[in-house]
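Here are a few notes to go with your own look through the model. I hope they are handy as you turn it on screen.

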Amino acid sequence: MTRTESAIPRLFGTDGVRGIAGEYPLDHSTVRRLGAALVRALPHDTESPRFVVGRDTRESGEWIERELAAGASGEGATVTSAGVVPTPAVAYLTRTAGYDAGVVISASHNPFEDNGIKVFSGRGEKFTERVEREVEAIVADRSWSVRAGEPDPVPRAHLEDAYLAHLRAVIPDGAALDGILLGVDCANGATVTVAPALFETLGIRTVIVGNTPDGRNINLACGSTHPDLLARTVVSRGCQMGVAFDGDGDRAIFVDHTGAVVNGDAVLLMCSRQLQREGRLKGGAIVATVMSNIGLELALHETGIDLVRCPVGDKYVMEEMIRRDLSLGGEQSGHVIFSDYLFTGDGLCTALNVLRTVALSGRSLADLAADLVSYPQVLLNVRVRERIDLSSVPAIAATMAAVEARLHDHGRLLVRYSGTEPLLRVMLEGKDHAEIHAWAQEIIDIVKQELG
């Protein structure tokens, strides 16, 4: 008897397989079985499949790489390790070097105890949900078994030079970058192997922190989720600006010369306008998630650029960009995708595009970021017994409609259920913080009354 789809254990979340290294689903046997399932999920006409694997600096990365490779090679695949490289490097190498799939072993911005596995297709794009469900079904099918025995070391190849050459093309000849002193925080993660060399070959002077990984200090009080270290460094060393990457290098957060943080919304605004000036903004629109501030939407409209919103998650940004054939998309958190270069978030590519914008516009990062006027935002949560269509509850629907009418064109209401907890999230943006907080509380109160 076959399992129904609903009975198949879910392995993949919004960004691959995640968990505590050594515990399900990142225990030795499940990782090996997943490696085998990835090969079995390839099209049947794929002969002698080739995989490339990259990882960040976590101490668990090497054994996970060996177990995954053991499972894949047991099904006839050839697996090559790129060593410690950023996630987008694996995506790029998969697409350009003829690999059938690329695998990244990382838990991004999470602490070292966690790890994860995310997979790219031969086109260098993250696996779709349909393919992820197929892999999960193969893993759950107990009619086959994985090869036993101790895992062998994974053959290593130095592939990062091709990725660095690809990135250097972002900066045009003659761009005035020689006067910039750039603060760089590598988060003790995957960018330590490539970021210093990249900026050096471009003639950009740097002050680098977060570049002494020990297997356990990845993202520890550093990187894109802890920009205080970078901000202090930029100010104390007199840098013009700074960039902080996360553990796997697929996102970037910036600070200006005063130490003020510049997030993904501001990056999307300045880079979209630069692409528009160069005639490179395909479709006259960009993609951002439902969490991007309404200030971004209003600022884009001033220069005739449309904003297409999608659910939270860079894979949804990617899917919408591909569907509409757009050049730029991203998240407030710093995942930004430039489709001219790659269909996945790339912190280094984002950094170079921001540097390019600074150079070609002749404006400082602080000046460019000031073009974005972010509206106050309120986010309130309420526990609910069950998830039901809110429009089917007249009292809740009426309250939400009244709030939206008050906002008119000068604010935004987003009400959605949490994907992991029994919570309803109410997010409001508007001109006055106290006002929108009171309106959000109105919705919370009526939800408690009806559903809480």
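1. Let's begin with N219, which sits in the loop between β8 and α7. This is a predicted model, and in it the phi of N219 is near 65 degrees, a positive value in a residue other than glycine. Is N219 buried or exposed? At 6% relative accessibility, N219 counts as buried.

2. N188 makes a good companion to that point. Its place is the loop between β7 and α6 (195-201), and N188 has a positive phi of about 50 degrees although it is not a glycine. N188 is buried, since its relative accessible area is 6% and the cut-off for buried is under 20%.

3. Do take a look at helix α7 (residues 228-237), whose buried residues are L230, A231, T233 and V234. Viewed down the axis of α7, these buried residues fall within an arc of 165 degrees, so they line one face of the helix. An α-helix has 3.6 residues a turn, so residues three or four places apart point the same way. On the other side of α7, the exposed residues are D228, R232 and S236.

4. What do the buried residues of α7 pack against? Their partners are β7 (181-185), β8 (205-209), β9 (241-245) and β10 (252-256). Just after α7 comes G238, with a positive phi of about 70 degrees.

5. Now for the interior. The largest nonpolar core has 66 residues, and F199 and F254 are those with the most contacts inside it. Helix α11 (residues 347-361) gives the most to this core, contributing eight residues. Apart from this core lies another, of 33 residues, with V31, A36, A101 and V131 among them.

6. F254 deserves a closer look. Setting aside neighbours within four places in sequence, F254 is in contact with M241, G242, V243, A260, V261, V262 and V267, and also with T350, A351, V354 and L365.

7. A smaller item is S121, in strand β6 (residues 114-121). S121 is buried, because its relative accessible area is 14% and buried means under 20%. Which residues does S121 touch, not counting those up to four places away in sequence? They are T94, D100 and F127.

8. Lastly, please check the peptide bond that joins Y24 and P25: this bond is cis, with omega about 5 degrees. P25 is found in the loop between β2 (16-20) and α1 (28-40).

Key:
Residues numbered from 1 in each chain as written. Predicted model: local features only at pLDDT ≥ 70, side-chain atom pairs only at ≥ 80, totals over all residues. Heavy atoms only, no water. Core = buried A, V, L, I, M, F, W, Y, C linked by side-chain atoms within 4.5 Å. Buried < 20%, exposed > 50% of the residue type's maximum accessible area, 1.4 Å probe, protein only. Helix = DSSP H or I, 4+ residues; strand = E, 2+ residues; numbered from the N terminus. Contact = heavy atoms within 4.5 Å. Arc of directions from axis to C-beta.
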